Amino acid sequence: FSCGVIIVAAGRGERAGQSGEGPKQYRTIGGRPVIAHTLDTFATWAGTGPIVVVIHPEDTELFAAALKRVPTSAAPTVVHGGATRQLSVLAGLEAIAAAGAKYVMIHDAVRPFADHALLDRCRQTLLGGADAVLPAIAVADTLKRAGANGVVQETVARSNLYAAQTPQCFTLEAILSAHRAANADAKADFTDDASIAEWAGIPVVLVEGMVDNIKLTLQRDISMADERLKGSEI
Ligand code: C5P
């Protein structure tokens, strides 16, 4: 089993606010940039094949500095991303296709807490024959739909509702053709890759995600992640 890995890191991270350290994937948690933790997880997993990191052209130096903090990593292939996450992933997929791989995992750089047990669950499901695998957790809160006026319109039944995470895992052939077709059709508003698979008619199989596998989005998330890693600095 050898699985290509795409780490998407070309976003600007505007929701976390401005800081001297640049976009949130380069902020420091536990003494190292977020993306160094993320890369370490994949670089030390036995199933990992070629790694492609998709960065913003302005972040070349930030990324080079972050890579120095990954003791385990052979140099990954670096490609430049696009204006949307979807375009950044497509650039990564073309690079994985050039490197050659049967499977691919697509992961947000800003989710540094995915662990090897999660990657193992994804691998099992791919080996079981799935073309698309989505780590997700059952929604715990009661969900409301509200109008623009902030008044609740209805309660949404939460049974069978899941929060989607990454890494989302695919057979390369299936997801590459789905992405190319979406791009050719000018479908540009997909926020994750499982939804592109759904659009293309590929069944997406759920695996148990991780409560801790959060996407660092706001400054508060970054502070909490740093707190959590206290004492584990390398
Ligand atoms: O913006 P969002 O929270 O969906 O970003 C998720 C991941 O996608 C982040 O790691 C971000 O760097 C990446 N991304 C990207 N190219 C974009 C937008 C987001 O690689 N144009």
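## Confidence and overall form

The mean pLDDT of the protein is 94, and 96% of its residues reach 70 or more. The model is a predicted one, and for the complex the predictor gives an ipTM of 0.98 together with a pTM of 0.95. As a general caution, predicted coordinates should not be read in detail where pLDDT is low.

The secondary structure of the protein comprises 7 helices and 12 strands. The protein is as compact as a globular protein of its length, because its radius of gyration is 18 Å, close to the 17 Å that the globule rule gives for 234 residues. Along the principal axes, the C-alpha atoms fill a box of roughly 50 × 40 × 35 Å. Of the 234 residues, 35% count as buried. Among contacts between residues at least 6 apart in sequence, 74% join residues at least 24 apart.

## The surroundings of the ligand

The ligand is surrounded by 18 residues, and the closest are Val 8, Ala 10, Gly 11, Arg 85 and Ser 88. Two elements, β1 (3–9) and α3 (85–99), give two or more residues to this shell. By character, the shell consists of 7 nonpolar, 8 polar and 3 charged residues.

## Helix α1

Helix α1 spans residues 34–43, and 8 of its 10 residues are buried, so the helix is largely enclosed by the rest of the structure. The buried residues are Val 34, Ile 35, Ala 36, His 37, Thr 38, Leu 39, Thr 41 and Phe 42. These buried residues pack against the strands β1, β2 (28–29), β3 (32–33), β4 (48–55) and β6, and also against helix α2 (60–67).

## Ala 109, a buried loop residue

Ala 109 is located in the loop between β6 and α4 (116–127). Is this residue buried or exposed? Ala 109 is buried, because 30 other C-beta atoms lie within 10 Å, and a count of 20 or more is the requirement for that class.

Leaving aside residues up to four places away in sequence, Ala 109 touches Ile 7, Val 8, Ala 9, Gln 25, Val 34, Ile 35 and Thr 38. Several names in this list recur from the sections above: Val 8 is one of the closest residues to the ligand, while Val 34, Ile 35 and Thr 38 are among the buried residues of α1. Ala 109 and Ile 29 are separated by 80 residues in sequence and by 13 Å in space, from C-alpha to C-alpha.

## Strand pairing around β11

Strand β11 (residues 168–171) pairs with strand β6 (residues 103–108) in the antiparallel sense, over 4 bridges. Within this pairing, Val 104 stands opposite Phe 170. Strand β11 also pairs with strand β7 (residues 132–138), again in the antiparallel sense, over 2 bridges. Here Val 133 stands opposite Cys 169. As a general point, the side chains in a regular strand alternate between the two faces of the sheet.

## The cis peptide bond at Pro 167

Which residues are joined by a cis peptide bond? The bond links Thr 166 and Pro 167, with omega at about 15 degrees. Pro 167 lies in the loop between β10 (162–164) and β11. This proline counts as buried, because it has 26 C-beta neighbours inside 10 Å.

Pro 167 touches Met 105, Ile 106, His 107, Ala 114, Leu 119, Cys 122 and Pro 135, when residues up to four places away in sequence are not counted. From C-alpha to C-alpha, Pro 167 and Phe 1 are 16 Å apart in space, and 166 residues separate them in sequence.

## Two residues with positive phi

Most residues other than glycine have a negative phi, and most peptide bonds are trans. Asn 160 has a positive phi of about 70 degrees although it is not a glycine. This asparagine is placed in the loop between β9 (152–156) and β10. Asn 160 is exposed, because 7 other C-beta atoms lie within 10 Å, and a residue with 12 or fewer belongs to that class.

Ala 186, likewise a residue other than glycine, has a positive phi near 60 degrees. Its place is in the loop between α5 (172–184) and α6 (193–199). With 6 other C-beta atoms within 10 Å, Ala 186 is exposed.

Notes:
Residues are numbered from 1 along each chain as its sequence is written. A residue is near a molecule or strand if its C-beta atom, placed from the backbone, lies within 6 Å of it. Ala, Val, Leu, Ile, Met, Phe, Trp, Tyr, Cys and Pro count as nonpolar, Asp, Glu, Lys and Arg as charged, and the others, Gly among them, as polar. Two strands pair if DSSP finds at least two bridges between them. The radius of gyration is taken over C-alpha atoms; the globule rule is 2.2 Å times the number of residues to the power 0.38. Two residues are in contact if their C-beta atoms, placed from the backbone, lie within 7 Å. pLDDT is the predictor's confidence in each residue, from 0 to 100.
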